[in-house]
Structure formats: C-alpha cells, structure tokens
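Here is my notebook from a first walk through this structure. Please keep the view open and follow along.

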2 protein chains.
Amino acid sequence: MRILLVEDEPELASALKTALRRHDMVVDHAASLLEAGDFAASESYDAILLDRQLPDGDGLTLVPKIRARGNATPVLVLTARSDTSDKVDGLDMGADDYLAKPFAFEELLARLRALLRRPANVQTQVIRAGDLAFDLGHREVLVRGEPLTLPRRELLVLEALLRRTGRMVQRSSLMEAVFGLDDEIQSNALDTHVSRLRRKLAEADAKVEINGVRGVGYLLREIS
Amino acid sequence: MRILLVEDEPELASALKTALRRHDMVVDHAASLLEAGDFAASESYDAILLDRQLPDGDGLTLVPKIRARGNATPVLVLTARSDTSDKVDGLDMGADDYLAKPFAFEELLARLRALLRRPANVQTQVIRAGDLAFDLGHREVLVRGEPLTLPRRELLVLEALLRRTGRMVQRSSLMEAVFGLDDEIQSNALDTHVSRLRRKLAEADAKVEINGVRGVGYLLREIS
DNA sequence: TGTTTCGCAATGCTTCTGCAATGTTGAGGG
DNA sequence: CCCTCAACATTGCAGAAGCATTGCGAAACA
C-alpha cells in the first residue's frame with residue numbers, strides 16, 4: 001500500500017510516517033501544496049492523507065486539481081477545524097473522508113483501511129449527454145449552462161437513464177429507482193413522468209431523446 | 001439513489017427519511033435487524049444507513065452478513081457511542097464510514113454523497129455470438145455496440161438460441177421458451193417469429209444465421 | 001394557503017402478434 | 001430422375017396489448 005502524506009508540521013509528519021510504516025505501508029512525504037501536487041501527478045498512490053493547513057495554501061484545493069486529471073485516489077483530509085460546514089466543504093470538494101485533529105491513530109488507521117477497501121471511485125460528479133449536464137452532487141440539471149429545474153420524480157427518472165446513456169434500462173429497474181418499495185404504485189405513473197420529462201427535454205432542446213422499448217423499458221439517446 | 005435506512009427510533013427515522021427524500025433519495029425504512037436483513041437481501045440499494053442500537057441486536061452484525069453474500073453496498077454506521085475503539089471495530093467489520101450521534105444532517109449528507117460517488121453500473125451476464133452481444137440482465141441486444149431493439153417474443157427466441165449457440169434447439173423446447181405453458185398456440189407463430197428475427201439479424205448484419213432443421217428444430221450459427 | 005407535483009384514469013395511437021394464405025424446400029418413393 | 005407431400009418460410013392483416021399523452025383532484029410543499 002502506497003500512501004502520500006501531505007503534512008507540513010515536521011513532528012507530526014514524522015510520527016505518522018513511522019506509525020504507518022509500522023503497518024506495512026509505503027509512505028511518501030510532501031510538506032507543501034506544491035510538492036504534493038508534483039508527487040500526486042508523477043506517482044500513483046493507493047490513498048492520500050492530506051492536511052489542510054499548509055504553508056502555501058489550503059490543502060483542500062489539491063483535491064479538485066487531481067480529480068480534474070482523472071485521478072480517483074481516495075483522499076482522507078486531516079484538519080484542526082472540526083465544525084460541520086468545514087467537513088461538508090471538504091467532502092463535497094471530492095475528499096473521501098475527513099478526520100478532525102486531534103485524532104486517535106487507531107481511528108486514522110481504521111478509516112484508511114475502509115478507504116482502501118473501497119473500489120476505485122471513477123465516477124465523475126457530472127454526467128453529460130447531448131447538451132445536458134447532470135451534476136450528481138448538487139442535483140442540478142444544466143442545458144448548455146442554463147439550469148433546468150425538474151420535479152423530484154422526473155429528476156430520478158432522468159438520473160437513472162443518464163447513468164446508462166444509450167443502453168437499456170428495464171422498466172422494473174426504473175420503477176425501483178423512482179419509487180421505493182413502500183410506494184405501491186400500480187398505475188402508469190412511470191409513463192406519465194417519462195412523458196412529462198420528454199416534453200421538458202424537447203422544450204429545452206437538450207439534444208437527447210428517450211426511447212421506449214415495448215415490453216422491456218426505456219433508453220436515453222443523444223441526438224445530433 | 002436508493003437508500004436503506006435502518007433505525008429503530010421512530011422520531012429520528014421519520015426525520016431522516018423526510019430529510020433524505022428532500023434531497024432526491026428514495027428511502028426504504030427498516031426498524032429492526034431482522035427487517036433490515038430481509039430488505040438488504042431482496043432489494044438492491046446504493047447505500048445503507050445503519051444504526052447500531054437496534055431492538056434485536058447490534059446493527060453492525062448485519063455488515064459481515066451482507067458482505068458474505070457478495071453484496072458490496074456502501075454502509076454508513078450511525079451510533080451513539082463515539083470512542084475510538086468502537087469506530088475501529090465498525091470500520092473493520094466492513095462498514096465504509098462511521099458517524100457519531102449527535103451529528104449535523106449536513107455532514108451525514110456530505111458523507112453519503114462521498115460514498116455514492118461511485119459507479120452504479122451492475123455487471124450482468126452477456127452472451128456473444130458473431131457480432132452480437134445479448135445482455136441477459138438488461139434484456140438488451142447490441143450489434144457491434146449499437147442497440148438493436150427487438151419485440152419480446154423475438155427476444156425470447158434469440159435468447160433461447162443463443163444459450164445453445166451452434167447446437168440444435170428442439171422445436172418443442174423453443175416453444176416452451178417463447179410461449180411458456182399457459183398460451184395455447186397452435187399455429188405457425190414460432191416460425192413467424194423466427195422469420196422476422198432472421199430478417200432483422202440480416203439487416204443489422206449481425207454475422208449470425210438461424211438454420212432450420214426439418215423435423216427437429218433450429219440452431220443459431222456464427223457466419224464469417 | 002397558494003403553488004407545485006403526483007398518481008390516476010380515460011383516450012388515442014403505435015407496435016406487436018397470432019393466424020392464415022401462399023410460396024418454397026427437401027426427403028423419400030415410385 | 002422426377003414427383004409428391006409434408007414441413008418450413010414469408011408476408012399481409014386484424015385484433016390485442018402496450019405505450020403516450022393529457023386533464024383532474026388530492027396531496028405535498030413552501
């Protein structure tokens with residue numbers, strides 16, 4: 001397991017490095033944002049341990065940078081600040097976990113193990129098709145940059161279809177995505193939502209089309 | 001996004017459910033370990049929110065159970081206990097994240113989003129022959145990657161033949177695959193479907209051919 | 001409490017599908 | 001070698017099944 005440790009405080013860095021090594025991890029150490037960027041770009045790590053307070057800026061800014069390069073390495077952020085809004089920001093910027101200082105080393109280790117066990121996160125935050133972009137994080141649909149507001153159910157239909165653009169989505173699987181279990185829907189409610197969604201997509205000229213396939217389900221296609 | 005919420009305290013459960021729904025998630029609720037096990041087994045979720053203190057035991061024991069069934073759904077554990085050793089146990093039993101009560105709902109959401117940031121594409125079995133690929137799970141036929149939409153009966157014929165590519169399929173066995181038991185078909189309906197299917201496969205240049213064998217049945221062959 | 005959204009049912013439309021009529025093929029017998 | 005007949009192939013058609021669309025009342029939402 002190769003870990004990139006980004007931490008400017010020499011004492012803590014050294015202690016962590018030693019402790020991680022003791023658990024059979026190979027640790028590279030970066031003391032600044034700049035250095036960390038270089039390391040992350042040139043080497044491939046199984047996880048990145050990232051301090052926020054670095055001499056040349058907020059460590060968190062590193063995350064979108066490496067994500068933009070298509071790098072999905074799990075990032076665990078270490079920080080002195082521990083209020084909720086900070087955590088939320090961190091996670092939403094693409095970090096995978098967040099640990100407030102001071103922390104128990106055992107917990108760091110356990111969280112690290114949980115991250116390493118997770119399958120590689122290659123999923124992009126935004127799904128695109130035709131002229132539309134679906135921002136999964138902010139649950140927002142944009143058509144050529146203009147927001148398109150959709151009701152909840154239609155949004156769910158669209159999301160399920162977009163996750164398999166150009167491929168079949170079974171009716172049953174759509175039903176499951178849109179209505180849970182407890183809803184006992186026995187009408188053509190799904191068809192209704194598809195229909196309304198179709199109209200809105202056409203009106204917004206989103207350059208996508210929803211095709212129904214009899215007896216099977218639906219699929220969303222890009223159109224020229 | 002489908003979430004399984006396992007929480008016995010009705011008030012919190014209801015509040016969470018509402019809040020999650022407001023963020024476009026489809027939530028199923030289980031109030032006990034037993035119920036949760038059933039839900040997790042029969043349905044597929046994108047994430048599980050799991051309380052530890054349940055009337056019939058420690059929620060955490062659910063995690064190894066579902067993992068043993070090959071289910072890799074991300075699990076976020078909620079708990080009142082917040083000491084390090086508990087967290088370590090939780091994460092090491094296969095949970096993906098751990099959040100101590102009381103928590104800010106925003107943090108829960110952010111952590112959930114981090115967990116969900118992964119591909120939802122379930123792999124299903126695909127049979128190939130010639131230039132065709134039949135995705136059994138999604139009931140979809142692709143010819144060189146392009147979807148070929150077929151009516152239900154023709155799809156059934158194709159599936160039955162593909163399952164025995166290059167080998168004879170008895171007429172009677174095809175009848176059963178296509179019409180099942182209940183239908184009382186006494187015409188040449190099967191021949192009709194085979195014929196129509198042949199035409200479509202030829203039009204799509206699928207590099208497969210259906211040969212009829214007098215008195216026996218049909219077989220599907222790859223052609224150069 | 002006004003507004004949006006949702007599920008439902010009624011309606012019209014498209015596609016499917018079993019059937020039958022007609023054409024074609026091939027094996028066996030004369 | 002050709003004839004015969006049954007089995008298979010193909011195609012048009014009408015009934016049926018499935019889907020699309022819309023308006024409406026009720027529920028959820030802000």
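**Entry 1: a term I need.** Before looking at side chains and DNA, I noted what I call a polar contact: a pair of N or O atoms within 3.5 Å. I also kept in mind that this is a predicted model.

**Entry 2: contacts with DNA strand C.** With that in hand I looked up A:N188, where a polar side-chain atom lies 3.1 Å from a base nitrogen of DNA strand C. Next I turned to A:R214, and found an N or O atom of its side chain 2.5 Å from a base oxygen of DNA strand C. A:H193 reaches a different part of the DNA: a side-chain N or O atom of A:H193 is 2.7 Å from a phosphate oxygen of DNA strand C.

**Entry 3: the surroundings of DNA strand C.** Which residues come nearest to DNA strand C? I counted 25 residues around the strand, and the nearest are A:R153, A:R214, B:R153, B:S187 and B:H193. I then sorted the 25 by type and got seven nonpolar, ten polar and eight charged residues. On the DNA side, 62% of the strand C atoms within 4 Å of the protein belong to sugar or phosphate, and the rest to bases.

I also wanted to know which helices take part. Helix 6 (152-162) and helix 8 (189-203) of chain A each supply at least two residues of the surface near DNA strand C, and so do helix 6 (152-162) and helix 8 (189-203) of chain B. The largest share, four residues, comes from helix 8 of chain B.

**Entry 4: DNA strand D.** I repeated the search for the other name on my list, DNA strand D. There are 23 residues around DNA strand D, and A:R198, A:R199, A:Y218, B:R198 and B:Y218 come nearest. Two of these names came up again in my list of contacts. The side chain of B:R198 has an N or O atom 2.5 Å from a phosphate oxygen of DNA strand D, and the side chain of B:Y218 has one 2.5 Å from a phosphate oxygen of that strand. For a base contact I went to B:N188, where a polar side-chain atom lies 2.9 Å from a base oxygen of DNA strand D.

Which element gives the most to the surface near DNA strand D? My answer is helix 8 of chain A, with six residues. Helix 8 and strand 13 (208-213) of chain B each supply at least two. By type, the surface near DNA strand D divides into three nonpolar, nine polar and eleven charged residues. Of the strand D atoms within 4 Å of the protein, 69% belong to sugar or phosphate.

**Entry 5: away from the DNA.** I stepped back to chain A, which is divided into domain 1 (2-117) and domain 2 (126-222). Their C-alpha centres lie 37 Å apart.

**Entry 6: a sheet in chain B.** In chain B I traced an open sheet of five strands, paired in parallel in the order 2-1-3-6-7. Its edge strands are strand 2 (26-30) and strand 7 (97-100). Neighbouring strands are turned by 20 degrees against each other on average, direction ignored.

I zoomed in on strand 1 (residues 2-6) and strand 3 (residues 47-51) of chain B, which pair over four bridges. One of the partners I noted for B:V6 in strand 3 is B:L50.

Helix 1 (residues 10-22) of chain B packs on this sheet, touching strand 1, strand 2, strand 3 and strand 6 (75-79). Helix 5 (residues 105-116) of chain B packs on the sheet too, touching strand 1, strand 3, strand 6 and strand 7.

Technical notes: Residues numbered from 1 in each chain as written. Chains lettered and ligands numbered in written order. Predicted model: local features only at pLDDT ≥ 70, side-chain atom pairs only at ≥ 80, totals over all residues. Heavy atoms only, no water. Near = heavy atom within 4 Å. Polar contact = N/O pair within 3.5 Å; in protein donor to acceptor, adjacent residues only side chain to side chain. Nonpolar A, V, L, I, M, F, W, Y, C, P; charged D, E, K, R; others polar. Domains from an automatic or database assignment. Pairing = 2+ DSSP bridges. Axes fitted to C-alpha atoms, helices over the stretch in contact; angles between N-to-C directions. Contact = heavy atoms within 4.5 Å.
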